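Q: Hey, I've just opened this one and could use a quick tour. Mind if I throw questions at you?
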Amino acid sequence: IFSYLCSSLLLFACGGKHDGLDECLSKSQPPLLLSPSPAMSGSFALARSAPSGAGRASSTSPGLSLSLPAGSSAKGALVPSRPKTMTSPNYLHHKEAIPSLTSKAAPPAPFYAQFYAHLETLRLGPQETPVKATRAAVSAVETTLFTQNSIVCVDFSDKGLGPVVGEALGQLLEFKREHKVKHSLQVLILDSNPKIGVKGMAPLLKALATDCLVTTLHLEQVSLGDPGAELLSQTLRGHPSLTHVNIASNGITEVGVQALADAMRENSALLFLGLSFNKFRDPGTKLLARALEGNQGLVSLELAGCGVTDEGLSFLGLSLSGQSTLKDLNLLHNHCSDKGMLAFSDLLVRNLTLTSLRFTPSDHVSTQRLKNIVKRNRRERQESETRQLEKVVMRLSFQQYKLEQAQTSLKEHQKVNVELTEQASRAEVEFNNTKADLLRRMKDVQTSIGYAVSAATEGERR
């Protein structure tokens, strides 16, 4: 109902047209700037921007400054644009490099703050060039993400963004940590932005090392290389909340994998690690296999297209024969022979946890043996879960039986309590009656004694 009323008010303010707000956004009126309040509570403060040609007007937010170029009116206000669906504003799309909201069509500040108070996902809309996309991303970070503490997911994937976006995200997280501002950001997606590189990722990874809320990090094809992998390993060491990390297609060799393997031994929270289409080949696979032996938390490992051959596959098999947590392994698009796959299947016979194995099929024998092993593990896992479920059901049934016994006993005690209360009430009534009778008799005796004393006194007088 609230969303419907908001949509109606916006349409009424824009003249009843569906595109009225977009038309108002294109007016060249002095824009209104929405900047975060000093208390950093997620509310908006409304301020009029300087007129055209008046120089530069910047937000006064500490740590993150955003300036307005001279002579720009329609692209000067740092305000999010209208979502595509007015009745469900879950996604925020920045249609231009820096969208604007003119004073003629702008709703009051409290209404605007309430309208975007429950944003969960922040995405970039279509952009003409990577430069404009980068400007839009920086604008979104320094305005919307800076003020809206309810955003859970930031998706800036496949926009050709530059390193300044990573620097802005790192500065934002660092600012909120230093000023103890709570945020809800858990998922950060920067896939397919090769221009970000190590320069842009270094500030972000440094800030994530001390952030305990972000759980998912997608950095596929951002040109990390070995230096970026080493920075990520420093972030992962003992990190309590990062559970999903995807760094596929980043040109990582065995040097970067060495740092990641060392971090895996000290991290028990990581559940998913995506390393597909990197360049570490068998030496890096050997390092990962040794790290798996000392890791008791990883559940899914992606090694597709990493140049793994029979040698690396044998190290993985030896590690998985005694590993008890890994359930999903991706080995697609590697260079393993039929003989290597057969030896791998022999090593996996002792493994009881791997329930999903993706690989490029080779000969029929090894393929069928691997499928049988996975089916066996799935069946045993289902049986184990069934047994656990039966134990839980039995435990609940026993607790229900004990509860019924307790209820029956409680009812009996209540019944006995009622009977005792009634007996106590009858005894009290009898006691009161007996007491009243004794008091009456005592009064009669006292009266008789008084008469006798009076009679004796009268006789002596006579």
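Q: Let's start with His333: buried or exposed?
A: Exposed, with a relative accessibility of 52%. The cut-off for exposed is over 50%, so His333 counts as such. Keep in mind that this is a predicted model.

Q: OK, and where does His333 sit?
A: In the loop between strand 13 and helix 12. His333 also has a positive phi of about 60°, although it is not a glycine.

Q: Which other loop residue has a positive phi without being glycine?
A: Ser249 is one of them, with phi near 55°. You'll find Ser249 in the loop between strand 10 (244-246) and helix 9. With 27% relative accessible area, Ser249 is partly exposed.

Q: Back to strand 13. Which way do strand 13 and strand 14 pair, parallel or antiparallel?
A: Parallel, over 4 bridges. Strand 13 covers residues 328-331, and Asn330 stands opposite Arg358 in strand 14.

Q: How does the chain get across from strand 13 to strand 14?
A: Through helix 12, residues 338-347. This β-α-β crossover is right-handed.

Q: And which side chains of strand 14 are buried?
A: Leu357 and Phe359, which point to one face. Ser356 and Arg358 point to the other face and are not buried.

Q: Switching to helices. What's the arrangement of helix 8 and helix 9?
A: Roughly parallel to each other. Their axes cross at roughly 5° and come within 8 Å. Angles under 35 degrees count as roughly parallel, so that label fits helix 8 and helix 9.

Q: Which residues make that contact?
A: From helix 8, Asp226, Ala229, Glu230, Leu232, Ser233 and Leu236. Helix 9 brings Val255, Gly256, Ala259, Leu260 and Ala263. By class, the contact has 7 nonpolar, 2 polar and 2 charged residues.

Q: What about Lys199, where is that?
A: In helix 7, residues 197-208. Lys199 counts as exposed, at 61% relative accessibility.

Q: What does Lys199 touch?
A: Pro163 and Glu167, leaving aside residues up to four places away in sequence. Lys199 and Pro163 are 36 residues apart in sequence, while their C-alpha atoms are 6.1 Å apart in space.

Q: Last one, the whole chain: how many helices and strands?
A: 13 helices and 14 strands. The chain has 462 residues, and 44% of them count as buried. Among contacts with a separation of 6 or more, 78% come from residues 24 or more positions apart.

Notes. Residues are numbered from 1 along each chain as its sequence is written. This is a predicted model: local features need pLDDT of at least 70, side-chain atom pairs count only at pLDDT 80 or more; totals for chains, interfaces and linings use all residues. Side-chain values use heavy atoms; hydrogens and water are left out. Buried means under 20% relative accessible area, exposed over 50%, partly exposed in between (1.4 Å probe, protein chains only). Helices (H or I, at least four residues) and strands (E, at least two) are DSSP runs, numbered from the N terminus. Two strands pair if DSSP finds at least two bridges between them. A crossover is right-handed if, with the strands pointing away from the viewer, the path from the first strand over the helix to the second runs clockwise. Axes are lines fitted to C-alpha atoms, for helices over the stretch in contact, and angles run from 0 to 180 degrees between N-to-C directions. Angles under 35 degrees count as roughly parallel, over 145 as roughly antiparallel, 65 to 115 as roughly perpendicular and the rest as oblique. Contact means heavy atoms within 4.5 Å. Ala, Val, Leu, Ile, Met, Phe, Trp, Tyr, Cys and Pro count as nonpolar, Asp, Glu, Lys and Arg as charged, and the others, Gly among them, as polar.
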